Every structure is written in C-alpha cells, then in structure tokens.
Amino acid sequence: SLCKTLLPALVCMLVLGCNAMAGASDVTVTASDVFATINGRLGHMQAVASYKARENVPIEDFPREAQVLDNSVRSAAALGLAPKTVAAFYRAQIEAAKAIQRNYMNRWEQGLEQRLPADADLQQLRTSLSILGHEQVSLIVAYLQSGERFQAGQWQQFKTITHQAMLEEEFLREIFDALCAVELTTRFVIE
C-alpha cells in the first residue's frame, strides 16, 4: 500500500531530517546509533513474551514471521538496502527475539521471576516495533551511504550496547555478522 511505501521515508525525514531516497543528511549517524535501535527492538521482547504468556499465544507464528520479514525487506529495499543481505539481518533478529521470549517464559514457568504486568496490548507492541524497525533501516542506510561499513572491529561495542540478559551471545553474534553483511543496492551506492 501507499502507506507502507511512504512510512519508511517519512520516518527517516522525521528522525534524521533527511531525504532517504536521495541520501542527503545533515545528521552524522554512528554505528552506536544503529546498535541502539537493535537493542531497542530486543528490549521489547519481555513485553511481547508477557503478552503471549497472558494470551496463551505461541512464541512461534511462522505466517506472521514471514509477513514481518517480507514487509521489512520491502521497506528496506525501497530505501536502498540489498534485499538478500537485509533479509538475513532480519531473520537473525527474529530468531533472537524468539530466544528472549522463550527464556523469559521459561523463567516465569519455573517461578524464578515475575511476569510483567499486562499493560501493553499486541497492537501497541507491533506499532512500537514497526517504528523502531523503520528507524533502524533509515539509520543503516544513512550510515552506509556516508561511506561507513559495519565491521568485525565493532563487535565489542555492539555486544556492549545490545546486551540483553535473556539472550545468549550466539544470537547477538548472528545479528552482528548479518549486519556486517548488509549492503546498499548498486543504484544507491554513493561514490
């Protein structure tokens, strides 16, 4: 729909004050900015797990995951990210999100921790995650268009910023490695 096409560009303009399609930006985007959006998305997973536990909804919902992945890749591609590389990045985030949810649910079932109060509904959570997702893509595009690349030497910084108590390091590594592989499509590469 038109909304799905325009929303990523609108978010970029609001967040960065830039024209996402042209790549112009008055704001310097750092790797830390991108890492913080990843942390923000992962940080919502306790609330998602709480909602799913309260409503007796399974953690895995393959049709919903496919829809989220497809929408995310389309939005990212519209802003200039290579679809194959960004799809792997989103898949890694989805797997990490499910791992966090599983870990919280296991702790709650074992009585090791109290579940969050039921203050967020599914639509609120999805809206927050969608906004963060669009911000994340806009920041990645701006970072790559500035000539920067995500690289192995940023691993410690990434790990520090995205640390989640309920997530094993292997999932963070998969996200990081996938992020390092994200590329601009050739029509958006700035020489």
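Biologist: Which ranges of relative accessible area separate buried, partly exposed and exposed residues in this predicted model?

Modeller: Buried means under 20% relative accessible area, exposed means over 50%, and partly exposed lies in between.

Biologist: What makes Arg 54 partly exposed?

Modeller: The relative accessible area of Arg 54 is 30%. Because partly exposed covers the interval between the 20% and 50% limits, Arg 54 is placed in that class.

Biologist: Why is the pairing of Arg 54 with Glu 55 called a salt bridge?

Modeller: The closest N and O atoms of Arg 54 and Glu 55 are 3.2 Å apart. The criterion requires a side-chain nitrogen of Lys or Arg within 4 Å of a carboxyl oxygen of Asp or Glu, so the pair qualifies. Glu 55, with a relative accessible area of 42%, is partly exposed.

Biologist: How do you know which class of exposure applies to Asp 70 and which to Arg 74?

Modeller: Asp 70 has a relative accessible area of 34% and is therefore partly exposed. Arg 74 has 56%, and because exposed means over 50%, Arg 74 counts as exposed.

Biologist: What joins the side chains of Asp 70 and Arg 74, and where do these residues lie?

Modeller: Their side chains meet in a salt bridge with an N to O distance of 2.6 Å. Both residues belong to helix α4, four residues apart, which is about one turn of the helix.

Biologist: Why is the contact between Lys 159 and Glu 169 called a salt bridge?

Modeller: The N to O distance is 3.5 Å, and because the limit is 4 Å, the pair of Lys 159 and Glu 169 is accepted as a salt bridge.

Biologist: What makes this pair a tie between parts of the chain?

Modeller: Lys 159 lies in helix α7 and Glu 169 in helix α8, so the salt bridge ties together parts that are ten residues apart in sequence. Lys 159 is partly exposed at 23%, and Glu 169 is partly exposed at 44%.

Biologist: Which residues are joined into one network by salt bridges that share partners?

Modeller: Glu 60, Glu 65, Glu 95 and Lys 98 form that network. A search of the whole structure finds eight salt bridges.

Biologist: How many residues does the largest nonpolar core have, and which element gives the most to this core?

Modeller: The largest nonpolar core has 51 residues, and Phe 89 is among those with the most contacts inside it. Helix α5 gives the most, with 13 residues.

Biologist: Which residues are in contact with Phe 89, leaving aside neighbours within four places in sequence?

Modeller: The contacts of Phe 89 are Ile 38, Gln 136, Ile 140, Ile 175, Ala 178, Leu 179 and Val 182.

Terms used
Residues are numbered from 1 along each chain as its sequence is written. This is a predicted model: local features need pLDDT of at least 70, side-chain atom pairs count only at pLDDT 80 or more; totals for chains, interfaces and linings use all residues. Side-chain values use heavy atoms; hydrogens and water are left out. A nonpolar core is a set of buried Ala, Val, Leu, Ile, Met, Phe, Trp, Tyr and Cys residues joined through side-chain atoms within 4.5 Å. Buried means under 20% relative accessible area, exposed over 50%, partly exposed in between (1.4 Å probe, protein chains only). Helices (H or I, at least four residues) and strands (E, at least two) are DSSP runs, numbered from the N terminus. Contact means heavy atoms within 4.5 Å.
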